[in-house]
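Colleague: Could you pick a single part of this model and take me through it slowly, one element at a time? I am still learning to read such pictures, so please name each piece as you come to it.

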Amino acid sequence: MDLATTPQSIWHTAERNRSADSVLTSELGIPPIVAAVLTGRGITEPAAAEDFLNPSLDDMHPPEALPDYDLAVKEILGARERKERVFVHGDYDVDGVTSAALFTRFLTKIGCDVVAHVPHRMREGYGIHQDAVQKAAETGAKLFLTCDCGISAHEQVEAAHALGMRVVVTDHHEVGETVPKAEAVVNPHRRDSRYPWPDLSGVGVVFKLCAGITKEIGYKESQFYRAFLDLAVLGTVADVMPLLDENRVITSFGLRQLAETQKPGLIALLEVAELSGRRRLTARNIGFQIGPRINAVGRIDDASVALDLLLTDDMQEARRMASILDRLNEQRRAEQQRVFEEAMEQAAEASADDRAIVVAKEGWHAGIIGIVAGKLVEQFRRPAFVIALDEDGSAKGSARSIEGFNLASAIDDARSLLLSGGGHELAAGFSLEQGNVKEFADALRAYAEHVLSPEDLVPRFHIDAVVEGEEAGPEAIADLHRLEPFGQGNPEPLFATLSAKITRL
């Protein structure tokens, strides 16, 4: 793909609102450079800036505002009262594993009989497999409880009902035209939702629902937060949720709780990631050190190992399982590099006019292709679809995107060509028959041609502010820490200074 004629990048510099900066500086006593970042990001009122700089657990939204909250609580507490078994079904990524771990630990603590399950990526695939529904029934479960999945599981919900189970779906993925006919569907993206912050992670939805149940049964909410913020922050950051509003609160306090965690599995994970003993963890530590180790086992082996790690109370067993995750992460990195190099060869041969990249090959590990798709997006600034072709004639794909190209919408547009598929705006997964791969690729390129302009394909860099030399001294680094945690929706600030002279290299 020859991109030589495409502009290399577009730099956008925010014009400083000196009067708004001055108000925040005088009202809150913050340095001008911090005020400039806040006002440049639309936070101009002192009260809003105060909330941003000093997040509080008191700022969390009421769980009761979640869709079907009352129905879900009724089902869960009803199962507890009747001493019925609850089958918790999560997912194989960090968000899904932490969701299942949080649900399992919390429900067990309040007296429920719980069996937890996360799918095997290769044997069960994305979402809820019918075999898992059957397994739930065989365990004697009467309540099938999903987390980080289930919003498109219409047939699976019907199957669970046919086997005598009630179903509560908790999820955060995009919602289609209809929701499954479960007893409760808790998803802040529902079209009838009145929840103030829809962009919770899967574990965030579980966290809020369980916080509500905590109050319902008369337990202290503060104790619940101390017990489960360490799990909630992992899924929130690893699933690349915007670190604003409620997610900012979860992440700010969750990072502190993670550094002090008493869960053996998390202690062992911090050890193998060489993070133990740190008084201060960052979102980057989760994104690049902790999260990949949890994800690795779900990508190339069995995610249940990661779930068992987060559930164990045995320190020796935790260290054994953490070492497995560490070893599998090394294997994942080697396999990822091989697949990426082969995918780059295909992408390089594509037309520069293509506004979406679609590559496919046999021998690619389906657990790796999502990471490879992300790297292709970084390389070519185009939505990327990477498809692993199986010997049995099926194909599994993963996609990553850029701003302006909604993967969930793109997949819905080509739904007739797929066996399954779903996800978020910027990340998605799907499966199809190999005979439909070419037609699917053509459909994606046509869709991208329709929704993306040439300018959308040019990398953009946002300069938060042009600063004077005296504003950018060493003390500014400490001042800017007040804007953490950084991540999706709240990137690390980028500054420019004009007419600077290099005095020493």
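**The sheet and the helix across it**

Modeller: Strand β9, residues 394-400, pairs with strand β11, residues 427-433, in the antiparallel sense, and seven bridges join the two. To find a place to start in this pairing, look for K396, which has S431 of β11 standing opposite. Please keep in mind that this is a predicted model.

From this pair you can widen the view, since β9 and β11 belong to an open sheet of five strands, whose order is β7-β8-β9-β11-β10 and whose pairing is mixed. At the edges of the sheet lie β7 (357-362) and β10 (420-423), each of which pairs on one side only. If you follow the sheet from one strand to the next, the twist averages 15°.

Now add the helix: α15, made of residues 369-380, lies across β7, β8 (384-389) and β9, and the angle at which α15 runs to β9 is about 45°.

For a contrast, you may turn to a pair of helices elsewhere in the chain. Helix α5 (residues 94-109) packs with helix α8 (residues 202-216) at an angle of about 15°, and their axes are 8 Å apart. Angles under 35 degrees count as roughly parallel, and α5 and α8 are therefore roughly parallel to each other. The crossing in which α5 passes α8 is left-handed. Among the residues that make the contact are L102 and F106 of α5, together with V206 and I213 of α8; by class, this contact has nine nonpolar, four polar and one charged residues.

How values were computed:
Residues numbered from 1 in each chain as written. Predicted model: local features only at pLDDT ≥ 70, side-chain atom pairs only at ≥ 80, totals over all residues. Heavy atoms only, no water. Axes fitted to C-alpha atoms, helices over the stretch in contact; angles between N-to-C directions. Helix = DSSP H or I, 4+ residues; strand = E, 2+ residues; numbered from the N terminus. Parallel < 35°, antiparallel > 145°, perpendicular 65-115°, else oblique. Left-handed = near helix turned anticlockwise from the far one by under 90°. Contact = heavy atoms within 4.5 Å. Nonpolar A, V, L, I, M, F, W, Y, C, P; charged D, E, K, R; others polar. Pairing = 2+ DSSP bridges.
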